[in-house]
Every structure is written in C-alpha cells, then in structure tokens.
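Reader: Hi, I have just opened this entry and would like some help reading it. Could we go through it together, one piece at a time?

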Amino acid sequence: MTFFFQAVLSGLSAGAVYGLAALGFVLIYKTTGILNLAQGSIILLGGYLFSSLALQLGLPIWLAILLSILIMGALGYSVERFPLRPMLGQPHLAIIMVTLALAIFLNAIVTSVWGEFAIMATPYFLPAGTIEIGEVVITLNLFWSFIIAGAIAGAFVLFFQFSKIGLNMRATAEGHEIVRSMGISVSAIIAVTWAAASIIGTSGGILTGQIRGIDYGLADYGLKAIGGAILGGIDSIHGAIIGCLIVGVLETLAGGYIGHGIKEVFPYIILVFAIVIKPYGLFGLERIERV
Amino acid sequence: MALPSGTFNTRYEQAFAIFRTKTHWAMLVGLFLLLAILPLVLSSYLLTVINIMLIVIIAVQGLNIVIGYCGQINFGHAAFMAVGAYSSALLMNHFGLSFWLCLPLAGIITAIIGILFGLPSVRVKGLYLALVTLAAQFIIIYVIETPLQWLTGGQWALRTPAPKLWAVTFDTQVELFYLIAGFTVLMTFLAKNLARTRIGRNFVAVRDNDIAAEVMGINIVRTKVLAFAIASFYAGVAGSLWAHYQQAFTTTDFSLMQSIWFVGMLIVGGMGTIVGPILGTMFITLLDQLVLMFTPAMAATFPMLTVAQISSIAMFVFALVIIVFLVWEPRGLAHRWEIFKTSYRLWPFAY
C-alpha cells in the first residue's frame, strides 16, 4: 500500500508538469483549431536553451529561466507569421503536417547547435532531499515541481479569465469573424496565443528537467502530454490539467506494477481509449457530428 | 478526362483502358526496358538507393489509398510496415515458409492490425483520428519491443534469410532490384485499378463528403475500415520486402520520423493520384541524395561546421520542403504533371 501511495504522489507531480505542456496544446487548439504537434520540440528547445544559458554562459538561474522563456515566447510569436498564418482554414492533415515540419525544423536547430542526441547538464535549482508523510517518501524536487506547476497553471488560468488579452483570446476561440468586427486583430491574438503556449511549455520543460534531467527525451515528454489533454477534453483548460493528473498517476502506477517500459506508451494507450470511448474528453465541449 | 488531340473512343473497351494511345504503350514499354537495363548500368550504391526507394513507393502507395483516396489521416504507417516486416521474418524463421507465402501472409496480418487501429475511424475523424494513428505508431513499436521480446528479440536486429525462387537466391542488389521492381509495378498497377473500381469510388465519396456518401447508400463503416485494411496490406508487403531486402532490421527502421516522411512524400507528390506517391518518393529521395552529395563540399567550404550540424541540414531541407509545398502547392507534383499533360494533349492548339 505504501508503494501505491508513493506512486500516486509522484504520479501527481509528473501529471502536474504534463499539465503545463498540455495547457500549451489546449490554448492553441482553443483559439485557432490547430493541433500543435510541435509543442514537444518547442519544449525541447526551451529546455536546452535554459541549460545552455545557465551552465555554458554562467548566468544566474533566475536570469536563465527568464531569458529562455522570453526567447521561446518570441519564437512562438514569430511562428504565427510563418508558416501558420497561410494555413488557417486548411484541412486538418495540412495543418498537422505543418506543425510536424515545424517540429522537425526545431529538432534540427537543437541538433545543429548542441549536437545529435546531446545530453545536457541540468542546472538543478529545486532543493534536494526528501520529505516523509507517514511511510511515504517524496523527493523534494517532485514536491516543489508540483507546487510550481500548480502556481503557473493557476496564474495562467487567472490571466486567461480576467486579463484583457485573455478575454480577447477567449473571444477568438468563439469565432474569428465576430472578433474582427469588434476591431481586434485576430492574427495578433493568435501570435500572442502561440507565445503564451510556448512560454507555458518551456516552463513545463524546465520543471521536467528538474525531475528527469534535460535530454532529447524532452520532446517525447511534450508529446505525451497530449494524452492528458485529450482525456480532459482538448478544448478545456481545467480538463487538460485534471486529465494530465490522471494520466500522470495511471502512468506511474502502470510503470510500477506492469513494467517500466510501458510508462513511455501508457499516455498513448489512455489516448486511444479516451478517443474511442469519449472523444470529447471528460470536460470538452461536445460537438455532435455522427456519421 | 481530356483525351489527346485526334483520339476518340469508339468502343467501351477503349474508355476503360489504362493505356489508351500509342504514346502510352510506348512509354510503358520504355519503362520496362528502363527497369530491365537500369541495374546493369548503375553503380551498386545507386542501386541500393533505388531499391529502398521502390520499397518506399509501395508503402506510400498504400498510404495514398487511406489518406489520398479515403481522406482518413494515418500517422502510423511505418509501424504497420514494422508489423509486416516482423511477421514475415518470423514466419520464415520459425515455420520455414517460403518468401512467396510469407509476403502475402505478412500483408494479411498487417491488414488485420490495420483494421484494429482503423476501427476508431468509425467514431472519430480528422484530428482525433490523426492522434489515434499517432498513438498506434508508439503502441505497435512498444508491443514489438517489450511484450513480444521473446519472439522478436526486442531492440536487437532480427535476421532474415534472402528470398528464393527455385534455384535463384535473391541476395545481390541486382537480383533484389528485379524482385522489388516487379512488386512495385504490380502494387502500383493494383492501386491504379483499385481507384477505378466501385471500392475506389466509394473511398473518394467518403473523403469528399461522408454524410452525402452515407445518404447515397455507401456503407461508411465498411469503406473506412476497408481503406485501412488495404493500406495496411500495402504496408505489410513493403515491410516484408524491407525485411528480406535488408536481411537484418530493427524497430528503429520504422520510427515515427519514418511515418512522417511517408506522409511528407505523399504531400509533395500529390494526394489522391497514383503518380503522386511515385513522384513524391522520387523527389524526396533525390533531395536526400543531393544533400548527401553536397555534404563533403559543405564540410570542406565551411570547416567550422560540426558533423551534427551538417547532418541536420537534411532535416532543415525536409521541413522547409514540406512547408513550402503545403503553403504554395498543396496538390503536389502530380498537379504540375497534370497541367503539363493537359497542355501536351491539346498541343498544338492552345485550348
């Protein structure tokens, strides 16, 4: 039973960090209807950038975090202009392929700057050590990454609900024509959305780096978050977070009870079942379209 | 379908024919002559490149049936190819079946797996289906590597004997070329004919508007699942050829990246045409070879570039090609070819 609680707690913190990556998916999907499969590569680039800034340039940790987040935000902002803007309203396959091409492009940047499958030294900033709750032992970096991920997600939800830009984003999600007629630039909002998604994804990547180190696997981590996003409903913000928590816990439990290898594919297994049983997820908006 | 100037159909057989004019027949004979002569003049390296390209054409031809004709997105094609490769290799290694039995059996086994992952297409479409097939890519490779490790050898290379026909063992590049080219021609011909039958028309109807297709009495469930089954059959055949061509392969040959390459080739070539997969595969292979060819020159001109930087050039080029085609020519090279053909047919008249 101790093992069970142990797995649940570490799964929750893994899920919370997935949640940050998933928020990026949901945000872009909500405002533009684009499924951004480049999210994993954005996270990869962000993580490598952070490691490089902190260790190779020797910047203080807080500055490295800030700079990598800002650079990735700027990248997300510029991605909207090209190649995404000409793709608005194109078929799903074309849009998904463009984001995949973007992913390959970003991977190529990572490969050419840092080398193929380079393993980066991780600048750890979360406190080391463990805390004990009864018999359950939790490492402090898991605990703190859970807290920080929760705080970032909470701050983001507040931003999305109450700020002017957040309001514009939500309006854009409803429909582009109306927003345009209200004098809001849709492309500017979409660019901001991409920037926000990149920022959230990058912060998720930096946090994941604290748990599992920064290496090429960050891209897979970013892609796996899509399982949680689908389970919670691809157009629901709180759904994505809850879905990711569930995926994180189930993944850790499966890894513990079945075998470590299944951890890597478990989010995808959940994804298939979620899509077959409840395609719009637990909290997603159901668009009935039966064929 | 526009006919060339001065050609008229006077019988139904003429309207049905794939090869209508003397030019068509001449080109067909020319193609076979070219295929016959090619291995005798090309270097062994170029022949290797072309052999791999021919196998990939079969795989992309299958992908074209499910994406191009039936409009169901599939990002797991390389994993289906892996199913074909492993089942063919294991059938041969464990049961001693001949290659000529392994190949169709591998196709059928892959088709069954394809049906399994195609079934969600009955419930969801578009983006959700893309995600299911993306998940299929990861799940299939995981199942091959971990739960079936006792059978497949996990991440270790699986050895496969060369195919045999009576006394001939296909183990040189030239012999393999004839074998693979034969299958590529056969599978392309089958795909061309499939597209002209009722099944193919059903696929197109479901792609263009599934509700209208349902109203017209097309069984959508059967059509979609059939598209996945046929596409997976093609992947299985390509995988089987791959296994016996390479004679030792691992799951890394069938990664997600490979699936993305297949879709990329299809997009560059042009979806929903038979000539598209061929043109697209040739274009990407050519591009790949060009990059490889200029790599030493690049390394000599810019000595400050590292090996990793030079090897990532191919990725940059591929990503840019995909984006450029999607933005400026989403209908692919096949569309350009069609434009050329139309103007050629009407020549010497302007219209």
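**Reading the model piece by piece**

Author: Let us begin at one residue, B:Leu346, which is partly exposed, since 14 other C-beta atoms lie within 10 Å. Please keep in mind throughout that this is a predicted model.

Reader: Okay, and which helix is B:Leu346 found in?

Author: B:Leu346 belongs to helix 16 of chain B, which covers residues 332–346. If you compare its position with that of B:Thr152, 194 residues away along the chain, the two C-alpha atoms are separated by 56 Å.

Reader: Now A:Met97, please: is it buried or exposed?

Author: A:Met97 is buried, with 27 other C-beta atoms within 10 Å, and its place is in helix 4 of chain A, residues 92–114. From A:Met97 to A:Leu35 the C-alpha to C-alpha distance is 10.0 Å, although the two are 62 residues apart in sequence.

Reader: What is A:Met97 in contact with, leaving aside its neighbours within four places in sequence?

Author: With those neighbours set aside, A:Met97 is in contact with B:Val263, B:Ile267, B:Ile322 and B:Leu326.

Reader: Those are in chain B, so how many residues of each chain are in contact?

Author: On the chain B side there are 37 residues, and they are in contact with 33 residues of chain A. The elements of chain B that give two or more residues to this side are helix 6 (127–145), helix 10 (210–215), helix 12 (256–269), helix 14 (307–311) and helix 15 (313–328). Helix 6 of chain B supplies the largest share, 9 residues.

Reader: And how do the residues on that side of chain B divide by class?

Author: The side of chain B that touches chain A has 28 nonpolar, 6 polar and 3 charged residues.

Reader: Let me switch to helix 5 of chain B; at what angle do it and helix 11 of chain B pack?

Author: Helix 5 (residues 99–118) and helix 11 (residues 220–246) of chain B pack at an angle of about 140°, and their axes are 6 Å apart. That angle makes helix 5 of chain B oblique to helix 11 of chain B, and the crossing of these two helices is right-handed. In their contact, the residues divide into 15 nonpolar, 9 polar and 1 charged.

Reader: What do the buried residues of helix 5 of chain B pack against?

Author: They pack against helix 4 (77–95), helix 6, strand 2 (164–165) and helix 11 of chain B. Among the buried residues of helix 5 of chain B are B:Phe99, B:Leu103, B:Ile109 and B:Phe117.

Reader: Back in chain A, which residues of helix 8 meet helix 9?

Author: In helix 8 of chain A they are A:Gly201, A:Gly205 and A:Thr208, which meet A:Leu218, A:Tyr221 and A:Gly222 in helix 9 of chain A. By class, this contact has 2 nonpolar, 4 polar and no charged residues. Helix 8 (residues 186–212) and helix 9 (residues 218–232) of chain A pack at an angle of about 120°, with axes 11 Å apart.

Reader: Last one: how many residues of helix 2 of chain A are buried?

Author: In helix 2 of chain A, 15 of the 18 residues are buried, so this helix is largely enclosed by the rest of the structure. Just after helix 2 of chain A comes A:Gly58, which takes a positive phi of about 70°.

Technical notes. Residues are numbered from 1 along each chain as its sequence is written. Chains are lettered from A and ligands numbered from 1 in the order in which they are written. This is a predicted model: local features need pLDDT of at least 70, side-chain atom pairs count only at pLDDT 80 or more; totals for chains, interfaces and linings use all residues. Two residues are in contact if their C-beta atoms, placed from the backbone, lie within 7 Å. Helices (H or I, at least four residues) and strands (E, at least two) are DSSP runs, numbered from the N terminus. Ala, Val, Leu, Ile, Met, Phe, Trp, Tyr, Cys and Pro count as nonpolar, Asp, Glu, Lys and Arg as charged, and the others, Gly among them, as polar. Axes are lines fitted to C-alpha atoms, for helices over the stretch in contact, and angles run from 0 to 180 degrees between N-to-C directions. Angles under 35 degrees count as roughly parallel, over 145 as roughly antiparallel, 65 to 115 as roughly perpendicular and the rest as oblique. A crossing is left-handed if the near helix is turned anticlockwise from the far one by less than a right angle, and right-handed if clockwise. A residue is buried if 20 or more other C-beta atoms lie within 10 Å of its own, exposed if 12 or fewer, and partly exposed in between; C-beta atoms are placed from the backbone.
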